[in-house]
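Trainee: I have a structure open and some questions about it. Can we go through it together?
Mentor: Yes, send it over.
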Amino acid sequence: MITNQNPYWLSPSNDSIFIGVKPYFLDESGNDQFFHYLLSEPNQPDYNQYFIHRSTPFMADWVFFLLLGVLFLFAYLRRYRGRRFSEVLASYWNSRFAYQLIREEGAFVGNVNIVLLLNAFLLLGFFGFELWIHIYGEHPGELTALGVYAVITASMIVFFLFKLLVHRLFAGIFQVGDYVKDYLWHYFQFFQMLGVALLPIAIISSYTPSFTSFTWLKLAALIIFIAFVIRLSKTFYRSVAEYKISPLYIILYLCAFEILPWIIASKWLLEIIKPSS
C-alpha cells in the first residue's frame, strides 16, 4: 500500500520524478518503509496513480504572474510613492487625512488611488474566479481560464464605473457635489483596502494544499463583509453628523442602493452553491 505522508508537493517533471515527495509503503508487518527508488527507474511500476496532483491544466501559470504583478505594483507604490501611499491607507481610519486628501485637486485620479483600485479589481476578480470554479468546476466552455477571469474582472470594473457615473449625475442634478465627493472617496477606499487585505489570502491560498478548499473563499467573503459594514457605518455617521441629512433618508438609501443588491446577489449565489455543498 503506497501512502503519501508529505502534505505539500510539486507537480512531476517530464521524467516522472517527484520533487519534495516522500513516498512510503506498508510492508506485510505493517511497518513504514521508505521507497527509495526513483519513479523513473527502469522496471519499476507506475506509481503516479497513487499521487494526487495539486495543480490541474485548467489552473495555468497565469495565476503566478497575476500575483507577481500585484506584488510589483505594491512594491512600486512603497518605493516611489511611499508617503502618499501611507496617507491614503491612513485616511481609511483617520478623518484628518481623509479631509486633507479629498480637498486636493485630482485626488481621485492620483497614481496611488488608481494603482490601488487596479490591484483591488485584480484580486477581487481572482476570488470571483475561484468562486466560479467552486460552483461550475473546471468547465470553461469556449473560454479559457484566463478568459473567464478576464470576464469576471471586467464585469466588476464596469459595475464600479457605472455606479461612479450614476453618483456623478446625482451630484449634478441635486447640487450636492461636496457630499457625493465625500461619499465617493470612501467608496474608492472600500475597494482599495480590500486590495490590501485580500493580497495575503490570495498568495497563501494559491500555494498551500488547500487551494481548492472553500475555506479561503469564506475567509475572503468575511473580509469583504466586514469592510462593507465599516463603509456603511461611516457613510451613515458622516451623512448625519457632518452633512445633517435625515437618518431616515440615509437608511432608505443604504437599504435600496447598497444592501439590497448584495442580498439579491448573495441569495442567488447561495442557491447555486447549495446543491454542490
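Mentor: One term before we start: a residue is called buried when its relative accessible area is under 20%, exposed when it is over 50%, and partly exposed in between. Also keep in mind that this is a predicted model.

Trainee: Fine. Is Phe190 buried or exposed?
Mentor: Phe190 is buried, because its relative accessibility is 3%. Phe190 sits in helix 6, which covers residues 177-206.

Trainee: What does Phe190 touch, leaving out residues up to four places away in sequence?
Mentor: Ile224, Ala227, Phe228 and Arg231. Arg231 also lies over the face of the Phe190 ring, at 5.1 Å from the ring centre.

Trainee: And how far is Phe190 from Tyr92?
Mentor: The C-alpha atoms are 8.5 Å apart in space, while the two residues are 98 apart in sequence.

Trainee: Let me step back. How many helices and strands are there?
Mentor: Eight helices and three strands. In sequence order the pattern is β-β-β-α-α-α-α-α-α-α-α.

Trainee: What share of the chain is buried?
Mentor: 37% of the 277 residues. On the contact side, take the pairs with a separation of 6 or more: 68% of those contacts are between residues 24 or more positions apart.

Trainee: What about the surface, how much does the chain expose?
Mentor: About 16,800 Å², with carbon and sulfur atoms supplying 67% of that area.

Trainee: Back to rings. How many aromatic pairs are there?
Mentor: A search of the whole structure gives 20. One of them is Phe74 with Phe85, an edge-to-face pair with 6.3 Å between centres and 75° between planes. Phe74 belongs to helix 1 (residues 62-80) and Phe85 to helix 2 (residues 82-90), so this pair ties together parts that are eleven residues apart in sequence. Both Phe74 and Phe85 are buried.

Trainee: Got another one, with Tyr183 in it?
Mentor: Tyr183 pairs edge-to-face with Tyr253, at 6.1 Å centre to centre and 80° between the planes. Tyr183 is in helix 6 and Tyr253 in helix 8 (residues 247-273), so the pair ties together parts 70 residues apart in sequence.

Trainee: Are those two buried or exposed?
Mentor: Tyr183 is buried at 4% relative accessibility. Tyr253 counts as partly exposed, because its value is 22%.

Trainee: Which residues are in the ring cluster?
Mentor: Ring pairs link Phe121, Phe160, Tyr183, Tyr187, Phe188, Phe190, Phe191, Phe228 and Tyr253. So the Phe190 we began with is in the cluster.

Trainee: Switching to charges. How many salt bridges are there?
Mentor: Four. Among them is Lys163 with Glu258, at 3.0 Å from N to O. Glu258 is in helix 8 and Lys163 in helix 5, so the bridge ties together parts 95 residues apart in sequence.

Trainee: What else does Glu258 bridge to?
Mentor: Arg231, with the closest N and O atoms 2.6 Å apart. Arg231 lies in helix 7 and Glu258 in helix 8, so that pair joins parts 27 residues apart in sequence. Lys163, Arg231 and Glu258 are thus linked in a network of salt bridges.

Trainee: Is that network buried or exposed?
Mentor: Buried: Glu258 and Lys163 both are, and so is Arg231.

Trainee: And the Arg83 bridge, what is its partner?
Mentor: Glu87, at 3.6 Å from N to O. The two are four residues apart in helix 2, which means about one helical turn separates them. Arg83 is exposed at 69% relative accessibility, whereas Glu87 is buried at 15%.

Trainee: Next, helix 3. Which of its residues are buried?
Mentor: Phe97, Ala98, Leu101 and Ile102, in a helix that runs over residues 95-103. Seen down the axis they fall within an arc of 125°, so they line one face of helix 3. Arg96 and Arg103, on the other side, are exposed.

Trainee: What covers the buried residues of helix 3?
Mentor: The cover includes helix 2 and helix 6.

Trainee: Last thing: what is odd about phi at Gln175?
Mentor: Phi of Gln175 is positive, about 55°, although the residue is not a glycine. Gln175 is in the loop between helix 5 (145-174) and helix 6, and is exposed at 68%. Lys244, also not a glycine, has a positive phi near 55°, and is placed in the loop between helix 7 (214-241) and helix 8.

Definitions and conventions
Residues are numbered from 1 along each chain as its sequence is written. This is a predicted model: local features need pLDDT of at least 70, side-chain atom pairs count only at pLDDT 80 or more; totals for chains, interfaces and linings use all residues. Side-chain values use heavy atoms; hydrogens and water are left out. Buried means under 20% relative accessible area, exposed over 50%, partly exposed in between (1.4 Å probe, protein chains only). Contact means heavy atoms within 4.5 Å. Accessible areas come from the Shrake-Rupley method with a 1.4 Å probe; for residues, only the protein chains shown count as cover. Rings of Phe, Tyr and Trp (its six-membered ring) pair if their centres lie within 6.5 Å; planes under 30 degrees apart count as stacked, over 60 as edge-to-face and the rest as tilted. A charge sits over a ring if NZ of Lys or CZ of Arg is within 6 Å of the ring centre and within 35 degrees of the ring normal. The arc is that of the directions from the helix axis to the C-beta atoms. A salt bridge is a side-chain nitrogen of Lys or Arg within 4 Å of a carboxyl oxygen of Asp or Glu.
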